[in-house]
Structures are given as structure tokens and as C-alpha cells.
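Work through the exercises below with the structure open. Try each task before reading its solution.

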Amino acid sequence: MEHQRQLVHISFPHTGPWGEEMTEKFVAHGESWLCGGRGLLWKVWTQNRYAGRVGATCLFDSNSAANEYLGNQLPKLRQLGLSTPHIERYNCV
């Protein structure tokens with residue numbers, strides 16, 4: 001169903017920086033993730049220093065909005081050195 005909400009979790013290997021230093025380094029990109037995206041309902045940033053991973057969990061209003069968002073954002077993340085994403089997608093009922 002096209003209009004079913006879609007939860008997307010994306011994570012990447014990361015060696016640092018962490019915490020506030022990471023926030024400062026990626027603030028410009030983070031703002032584009034928060035502001036740019038049709039159908040983005042909410043987003044939570046994630047970081048796990050012990051597992052060496054960073055990412056985000058996002059809720060979209062439709063499957064097509066999630067596809068569009070990932071299509072726009074993944075190339076930008078690669079430019080920041082965040083490659084080999086692990087992406088999990090879930091339909092929300």
C-alpha cells in the first residue's frame with residue numbers, strides 16, 4: 001500500500017568523532033536531513049561508539065517519500081565518507 005507509513009533505519013560504520021564533536025562536524029548535513037524531504041514525519045539520530053556505528057531512524061508518510069529521501073541523501077552521505085549503509089525498512093500499521 002503506497003500510503004502506508006514507512007520506518008527506515010540507516011546506519012554506517014564510523015570511527016569518530018562522537019558526541020558533541022560529531023554534532024558540530026555534521027550539523028550542515030543534519031539540517032538538510034531535517035528540513036529537506038517530502039513526507040518526513042520525524043527523525044532520531046543514533047550513534048553507538050562501542051559498535052562503531054552512526055545513523056538515523058526516520059518515519060515517512062509513504063513508501064515513495066522514503067524512496068525519494070534515500071535517493072537524495074545517500075549520495076550526500078557518501079561524500080561525507082559514510083559508505084556501506086545498512087538499511088532496514090518497515091511498514092507501519
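**Exercise 1. Strand pairing**

Task: In this predicted model, determine in which sense β1 and β4 pair, and over how many bridges.

Solution.
- Locate the strands: β4 covers residues 86-91, and β1 covers residues 6-13.
- Read the direction and count. β1 and β4 run antiparallel, with six bridges between them.
- Check the register at one residue. L7 faces Y90 of β4.
- Turn to β3, residues 53-60. β3 is also joined to β1, by eight bridges in the antiparallel sense.
- Check the register again: L7 has L59 as its bridge partner in β3.

**Exercise 2. The surroundings of Q6**

Task: Decide whether Q6 is buried or exposed, then find which side chain makes a polar contact with the side chain of Q6.

Solution.
- Place the residue. Q6 belongs to strand β1.
- Apply the cut-off. The relative accessible area of Q6 is 4%. Buried means under 20%, so Q6 is buried.
- List the neighbours, leaving out residues up to four places away in sequence. Q6 touches C58, L59, F60, S62, N63, A66, R89, Y90, N91 and C92.
- Pick out the polar partner. The side chains of Q6 and R89 are joined by a polar contact of 2.9 Å.

**Exercise 3. The largest nonpolar core**

Task: State how many residues the largest nonpolar core has, and which have the most contacts inside it.

Solution.
- Start from the general trend: nonpolar side chains in soluble globular proteins tend to be buried together.
- Count the members. The largest nonpolar core holds 18 residues.
- Rank by contacts inside the core. I10, F12, V54, C58, F60, L74 and L77 have the most.
- Assign the elements. β1, α1 (19-35), β3 and α2 (63-79) each give two or more residues to this core.
- Find the main contributor. α2 supplies the largest share, six residues.

**Exercise 4. The salt bridge**

Task: Identify which residue forms a salt bridge with E68, and work out what parts the pair ties together.

Solution.
- Recall the principle: side chains of opposite charge can pair when their charged atoms come close.
- Apply the 4 Å cut-off between N and O atoms. The count is one salt bridge.
- Name the pair. E68 bonds with R38 in a salt bridge, with the closest N and O atoms 3.1 Å apart.
- Place both ends. E68 is in helix α2, and R38 is in the loop between α1 and β2 (40-48), so the pair ties together parts 30 residues apart in sequence.
- Check accessibility. E68 is partly exposed at 37%, and R38 is partly exposed at 44%.

Methods:
Residues are numbered from 1 along each chain as its sequence is written. This is a predicted model: local features need pLDDT of at least 70, side-chain atom pairs count only at pLDDT 80 or more; totals for chains, interfaces and linings use all residues. Side-chain values use heavy atoms; hydrogens and water are left out. Helices (H or I, at least four residues) and strands (E, at least two) are DSSP runs, numbered from the N terminus. Buried means under 20% relative accessible area, exposed over 50%, partly exposed in between (1.4 Å probe, protein chains only). A polar contact is a pair of N or O atoms within 3.5 Å; within protein, one must be able to donate a hydrogen and the other to accept it, and residues adjacent in sequence count only if both atoms are side-chain atoms. Contact means heavy atoms within 4.5 Å. Two strands pair if DSSP finds at least two bridges between them. A nonpolar core is a set of buried Ala, Val, Leu, Ile, Met, Phe, Trp, Tyr and Cys residues joined through side-chain atoms within 4.5 Å. A salt bridge is a side-chain nitrogen of Lys or Arg within 4 Å of a carboxyl oxygen of Asp or Glu.
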